[in-house]
Amino acid sequence: MIYLDNNATTPLAPEVREAMLPHLSGEFGNPSSPHAAGMAAKRAVGEARARVAALVGAKAADILFTASATEANHTALLGTLRALAMERPERRHLVTTAIEHPSTLMLASDLERQGWRVTVLPVDGTGTIALADLRDAVTPDTALVSVLWANNETGAIQPVGAAADIAQARGALFHTDAVQAAGRLPIKVDAVNADLLTLSAHKMHGPKGIGALFIRKGVPFAPLIHGHQERHRRGGTENVPAIVGFGAAASRAAATVAEAGGLAILRDRLERGVLAGWPGSRVNGEGAARLPNTSNIRFADPQGRPLDAEELLMRLDRAGIAVSMGAACASGGNEPSHVLTAMGLSPAEAAASLRFSLSRYSTAEEVESVLNEFPALYARIAA
Ligand code: PLP
């Protein structure tokens, strides 16, 4: 199989698997236990925490492990908003963007139903927010601004450093979902002055079911799950094998950021080849600063009408090539992508889009094999 769906999830790196294995067999202690087995587990969790912290230039004590980035996003928003509701009740306004992951957008809708004021910023045709819109949106009652670092569908990179400045100048906190950016761009919490930052292991060749939230010291925070673990910020016995895997993946990811130039060359070759081989195809998000691994392309039929990309996806799948629909939606159904429609695409254009996402394991040979499929696919679909 040629796997070009790395923004959905990535294969586990062999070195990550190796690091996890002892913790799936002999090393099974509970980090809260006072005996040697417990102490060993506690040490392993501590080392992994330091590795994840190093990836984003944070202090280990400011990293909280969660069961997913979905949970980390919920923890960031709910943990701060609920704490602020007690400390500064006048701040009941959340600002976010139309291109967030559903884990943020669905929660934002729920918060609105519960009485918080919510502003969802639009994006331009490249899938990027305008700082002027953010400046207009942030008011003295704004508690939190949440802007994702890079979008999972188009790869569009957002101006998070400037967004943090705007939020903080008005006394609001700033959170960024850096799930897709980590390991692909240099991510440092101090470079953008983030108060909170979300990560997920399985997008960087780590295991599924483990995320992390950076919470800067001093940020008002009320835990969602009570318990003594994670310095009383998230109860529940730690998932030691997954945390150790996350640590190993983070160390490797820190090194792969330096290799991102090679990944971009490969992505560009794929993108140019697809565009050349398919008349009427266009890059969604063209002109934006983009992640080096992501290409979102919309396809037209020979008459220039938006194609049903699902048919193309299925044909690629039958040829052993895994890509995804730009139209994959929050519920996994057939709704047009909220990201692409926010960029101004019609529902039909959104449904005509495919996302290709590469990883450090993608090769030039794989890219050529994919490109070799396209003339025949075009001929068949055009027939
Ligand atoms: N945020 C972004 C930008 C994502 O792309 C994803 C995964 O698709 C998530 C959050 C959720 O990650 P997890 O699968 O760890 O809940």
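In this predicted model, Glu15 has a relative accessibility of 34% and therefore counts as partly exposed, the class between under 20% and over 50%. Its salt-bridge partner is Arg252, with 3.4 Å from N to O. Arg252 belongs to helix α8 (residues 240-256) and Glu15 to helix α1 (residues 14-20), so this pair ties together parts that lie 237 residues apart in sequence. Arg252 is likewise partly exposed, at 28% relative accessibility. Salt bridges with shared partners join Glu15, Arg252, Glu259 and Arg360 into one network.

**Salt bridges**

The count of salt bridges comes to 15. Three of the pairs are set out below.

| Pair | N to O distance |
|---|---|
| Arg252 and Glu15 | 3.4 Å |
| Glu71 and Arg234 | 2.6 Å |
| Asp110 and Arg113 | 3.4 Å |

The side chains of Glu71 and Arg234 meet at 2.6 Å, N to O. Glu71 is part of helix α3, whereas Arg234 sits in the loop between α7 (229-232) and α8, so the salt bridge ties together parts 163 residues apart in sequence. Is each partner buried or exposed? Glu71 has a relative accessibility of 16% and counts as buried. Arg234 is buried as well, with a relative accessible area of 18%.

The pair formed by Asp110 and Arg113 is found within helix α4, where the two residues are three apart and hence separated by about one helical turn. The closest N and O atoms of this pair are 3.4 Å apart. Asp110 is partly exposed, with 29% relative accessibility, while Arg113 counts as exposed at 64%.

**Packing of α3 and α4**

Two packed helices are described by the angle between their axes and by the distance between those axes. For helix α3 (residues 69-87) and helix α4 (residues 102-113), the angle is about 35 degrees and the axes are 9 Å apart. The crossing of α3 past α4 is right-handed. On the α3 side, the contact is made by Thr70, Asn73, His74, Leu77, Leu78 and Leu81; on the α4 side, Ser103, Thr104, Leu107 and Leu111 take part. What is the division of these residues into nonpolar, polar and charged? Five of the contact residues are nonpolar, five are polar and none is charged.

Both helices also hold residues of the salt bridges described above: Glu71 lies in α3, and Asp110 and Arg113 lie in α4.

Definitions and conventions
Residues numbered from 1 in each chain as written. Predicted model: local features only at pLDDT ≥ 70, side-chain atom pairs only at ≥ 80, totals over all residues. Heavy atoms only, no water. Axes fitted to C-alpha atoms, helices over the stretch in contact; angles between N-to-C directions. Helix = DSSP H or I, 4+ residues; strand = E, 2+ residues; numbered from the N terminus. Left-handed = near helix turned anticlockwise from the far one by under 90°. Contact = heavy atoms within 4.5 Å. Nonpolar A, V, L, I, M, F, W, Y, C, P; charged D, E, K, R; others polar. Salt bridge = Lys/Arg side-chain N within 4 Å of Asp/Glu carboxyl O. Buried < 20%, exposed > 50% of the residue type's maximum accessible area, 1.4 Å probe, protein only.
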